[in-house]
Amino acid sequence: TDETAFNYDANANVDNGSCEAIVIGCTDATAFNYDANANVNDGSCIAVVEGCIDPTALNYEELANTDNGSCIATVEGCMDVTAFNYDATANVDDGSCEAVVFGCIDATAFNYDETANTSDDSCIAVVLGCTDATAFNFDATANTDDDSCIAVVLGCTDATAFNYDATANTDDASC
């Protein structure tokens, strides 16, 4: 019999205790903002828009209000397949791509190239020896000087000669 009740009955003349309070809200069970307690629709129902609602995801949908599980995590990296540091898992290019630089990448090699990041199989083994072509013990096969060069000392190298020079290592035909 309560005129302010949701289920007011103008024909009732005895209150049976069944009066329900009016609860205003969205009564559409398929709406995003459905209120199960509401019994009077106030026109505020919002349609469900499914999509990715994680703002950090690659496929974030600003208009979505219900997560449908489609979010794709953002993976930053180099996306240039021709780059040295290409990352196949990246879906956002972070500007870190490095060009491929071919050369010898073996730090112990004679021709090591510190700017190279990709081997071109050109490495040459280090061969130690005297690299001074004017030295007494010049080694034509050496590519790295080992400080073993002996200077040429001209003089008589015949130990039986009068003018024998014990310091000479190259005969100058003066014996």
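**Exercise 1.** In this predicted model, locate Ala5 relative to β1, decide whether Ala5 is buried or exposed, and list which residues Ala5 touches beyond four places away in sequence.

*Solution.*
Step 1. Ala5 lies in the segment before β1, a strand that covers 24–25.
Step 2. The relative accessibility of Ala5 is 8%. The cut-off for buried is under 20%, so Ala5 counts as buried.
Step 3. Leaving out residues up to four places away in sequence, Ala5 touches Cys19, Glu20 and Ile22.
Step 4. Take Ile22 from that list. Ala5 and Ile22 are 17 residues apart along the chain, and their C-alpha atoms are separated by 5.8 Å.

**Exercise 2.** State which residues make the nonpolar surface patch, then place Leu128 in a strand and classify its accessibility.

*Solution.*
Step 1. Phe110, Ile124, Val126 and Leu128 make a nonpolar surface patch of about 360 Å².
Step 2. Leu128 belongs to strand β9, which spans residues 128–129.
Step 3. Exposed requires over 50% relative accessible area. Leu128 has 54% relative accessibility and therefore counts as exposed.

**Exercise 3.** Name the residues that form the negative surface patch, then find the loop that holds Asp94 and classify its accessibility.

*Solution.*
Step 1. The negative surface patch is formed by Glu76, Asp80, Asp93 and Asp94.
Step 2. Asp94 sits in the loop between β6 (92–93) and β7 (102–103).
Step 3. Partly exposed covers the range between the buried limit of 20% and the exposed limit of 50%. Asp94 counts as partly exposed because its relative accessibility is 35%.

Technical notes. Residues are numbered from 1 along each chain as its sequence is written. This is a predicted model: local features need pLDDT of at least 70, side-chain atom pairs count only at pLDDT 80 or more; totals for chains, interfaces and linings use all residues. Side-chain values use heavy atoms; hydrogens and water are left out. Patches are made of residues with over 30% relative accessible area and no salt bridge: like charges are joined within 9 Å, nonpolar side chains (Val, Leu, Ile, Met, Phe, Trp, Tyr) within 5 Å. Accessible areas come from the Shrake-Rupley method with a 1.4 Å probe; for residues, only the protein chains shown count as cover. A salt bridge is a side-chain nitrogen of Lys or Arg within 4 Å of a carboxyl oxygen of Asp or Glu. Helices (H or I, at least four residues) and strands (E, at least two) are DSSP runs, numbered from the N terminus. Buried means under 20% relative accessible area, exposed over 50%, partly exposed in between (1.4 Å probe, protein chains only). Lys and Arg count as positive and Asp and Glu as negative; His and the chain ends are not counted. The place of a charge is taken as NZ of Lys, CZ of Arg, CG of Asp or CD of Glu. Contact means heavy atoms within 4.5 Å.
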